[in-house]
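Student: I want to work through this model in short questions. Please put it up first.

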Amino acid sequence: MTTLIFSFLAVLMLLVFLGVHVAVALGVASAFGVYLMLGSADIALSVLSGTAYEALRKDIFIVIPLFVLMGEFISRSGAAKDIYTICNRAFLKVPGCLAVATVSGNSIFAAITGVSIASAATFSRLAYPEMVALGYKKSYALGVVAGSACLGMLIPPSILMIIWAVLTEISIGSLFVAGLLPGLLLSSFFIGYCVIAAKMNPNVAPPCAPDAFAHVPAAQRRSELISSLAIIGLIVVVIGGIWGGFLTPTEAAGFGAIGALLVGLIKGMRGADLLDAVYRAGKTTAPIMILLITASMYSRFLAMGGAVSVINGTIFAISENPIIIMMMLFTIWLILGMFIDSTSIILLTVPIFAPIATTIGIDELAFAIFGILVIEAGLLTPPFGLLIFTVKAAVPDKSVTLGMIFKGAIPYWIMILMVAVLVVVFPFLANWLPQSLL
């Protein structure tokens, strides 16, 4: 059985690294593994089809498309641009003002969209042109856009948190609350770096003109006010409702989507824009749902074959020191992040790694935040660096190279990993709020 399990994992990783879509690789490898264990193709297909059916019936999965739809409505309505403008005005006298506004805007936008890719694409079009127009160094401007986009998966509501919670059966509400302090700490690190870099070298980020917003039309100010109040209202309803115990995550996602739709209508969205938002939400959600179905098959195979016990035994045979074990998991996540997207990494590794962390006494919420942070760092890691490629595709500047973006993102990559280590060393960063509020 041990040989079968490691052969299965080897075949699975081979398919992934050969470029086979992770959902296909998970489905094929799981079907073949169950067939070898049971010795009957009919029984194997019956087990896997039953697993897929049960996975689709879980009502918690509706949270993902609803939160994605909420983010799409807000993004398409123009509210993200208004948020960025308000942040610009607020930090006008701060060194690196536009960079600080980008981090702040991304932090607020993260509390609505929950998807890093959406944040990267939105702020590449909004923030980068303004920073370059003011004379910011391109690598500095690109780095702050790519780096701060990672906040989208840490500040709730986060799609990665939802997937992690589903796989490990942790409360989604608890995980959302657990991400708040690390998210704010990380955004504070980002802002601190932007300010220090601009202060040490003003040529990297020239100061903003003190009268840059002196003649803003009343209509624009009114639009910005509507956006800011709407965003605050949505955050209070969605996150506050979950924290206060008034709403389940599913109900909060539903109210959030309805609220975002109303904001879009107030901001002037009509038929074509609304349909496009729904289409884009579906396009984002469908691959995630297929991955979750095949991941359920994968988890079933691991459970039937006792794979978790076998892999646990192998890892503990190498070392029983919790620090060394965590370093091993950390390294595996970083290596996978160079080639595979975040969702796929979670689906492949969390069913195996979460029991290991529990065995060595790591708090489950702290381990979840640690894992999400390390996996998010992979979005900035060459050669894959999904956020890097997203920024490259979205910025309206053909002279931008991948090397410039990677270079600018290095400090943010380091800070993400620093916060990840801090969360493991000081678990209260992740579990204090959930214990206090829930």
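Student: Among contacts in the protein chain between residues at least 6 apart in sequence, what percentage join residues at least 24 apart?
Tutor: This is a predicted model: local features need pLDDT of at least 70, side-chain atom pairs count only at pLDDT 80 or more, and totals for chains, interfaces and linings use all residues. Residues are numbered from 1 along each chain as its sequence is written, and side-chain values use heavy atoms, with hydrogens and water left out. A contact means heavy atoms within 4.5 Å. Among contacts between residues at least 6 apart in the chain, the share that joins residues at least 24 apart is 80%.

Student: How many helices and strands does the protein chain have?
Tutor: Both are DSSP runs, numbered from the N terminus: helices are H or I with at least four residues, strands E with at least two. On that basis the protein chain has 21 helices and 0 strands.

Student: What radius of gyration does the protein chain have?
Tutor: The radius is taken over C-alpha atoms, and the globule rule is 2.2 Å times the number of residues to the power 0.38. For 438 residues the rule gives 22 Å, and the chain is close to that, so it is as compact as a globular protein of that length. Its C-alpha atoms fill a box of roughly 75 × 45 × 45 Å along the principal axes. The radius of gyration is 22 Å.

Student: What share of the 438 residues counts as buried?
Tutor: Buried means under 20% relative accessible area, exposed over 50%, and partly exposed in between (1.4 Å probe, protein chains only). By that test the buried share of the protein chain is 55%.

Student: What is the volume of the largest pocket?
Tutor: On a 1 Å grid over the protein atoms alone, a pocket is an open set of points where a 1.4 Å probe fits, with protein on both sides within 12 Å along at least five of seven lines. Points are joined across faces, edges and corners, and the volume is the space filled by probe spheres set on them. For the largest pocket this gives about 1,300 Å³.

Student: Which residues that line the largest pocket are closest to its centre?
Tutor: Lining residues have an atom within 4 Å of a point. There are 42 in the largest pocket, and the closest to the centre are Val115, Ile117, Ala118, Thr284 and Leu386.

Student: Which element gives the largest share of that lining?
Tutor: Elements that give two or more residues include α4 (63-77), α14 (271-305) and α17 (342-359). The largest share, 7 residues, comes from α7.

Student: How many nonpolar, polar and charged residues are in the lining?
Tutor: Ala, Val, Leu, Ile, Met, Phe, Trp, Tyr, Cys and Pro count as nonpolar, Asp, Glu, Lys and Arg as charged, and the others, Gly among them, as polar. The lining then has 20 nonpolar, 13 polar and 9 charged.

Student: Arg76 is in helix α4. Which residues does Arg76 touch, not counting those up to four places away in sequence?
Tutor: Arg76 counts as partly exposed at 33% relative accessibility. Ala277 is 201 residues away in sequence, yet the two C-alpha atoms are 6.9 Å apart. The residues touched are Met269, Asp273, Asp276, Ala277 and Arg280.

Student: Pro351 is found in helix α17. How far apart are the C-alpha atoms of Pro351 and Trp164?
Tutor: Pro351 counts as buried, at 15% relative accessibility. Along the chain, 187 residues separate Pro351 from Trp164. In space, their C-alpha separation is 9.3 Å.

Student: How many of the 12 residues of α8 are buried?
Tutor: The expected span of a helix is 1.5 Å times one less than its number of residues. For α8 (138-149) that is 16 Å, and the end C-alpha atoms are 17 Å apart, which agrees. The buried residues pack against α6 (97-113), α7, α11 (180-200), α19 and α20 (402-425). The helix is mostly covered, and its buried count is 11.

Student: What distance separates the end C-alpha atoms of α11?
Tutor: Among its buried residues are Leu186, Phe190 and Cys194. Its 21 residues should span 30 Å, and the model agrees, with ends apart by 30 Å.

Student: Is Glu169 buried or exposed?
Tutor: Glu169 sits in the loop between α9 (159-168) and α10 (172-178). Its phi is positive, about 60°, although it is not a glycine. At 75% relative accessibility, Glu169 counts as exposed.
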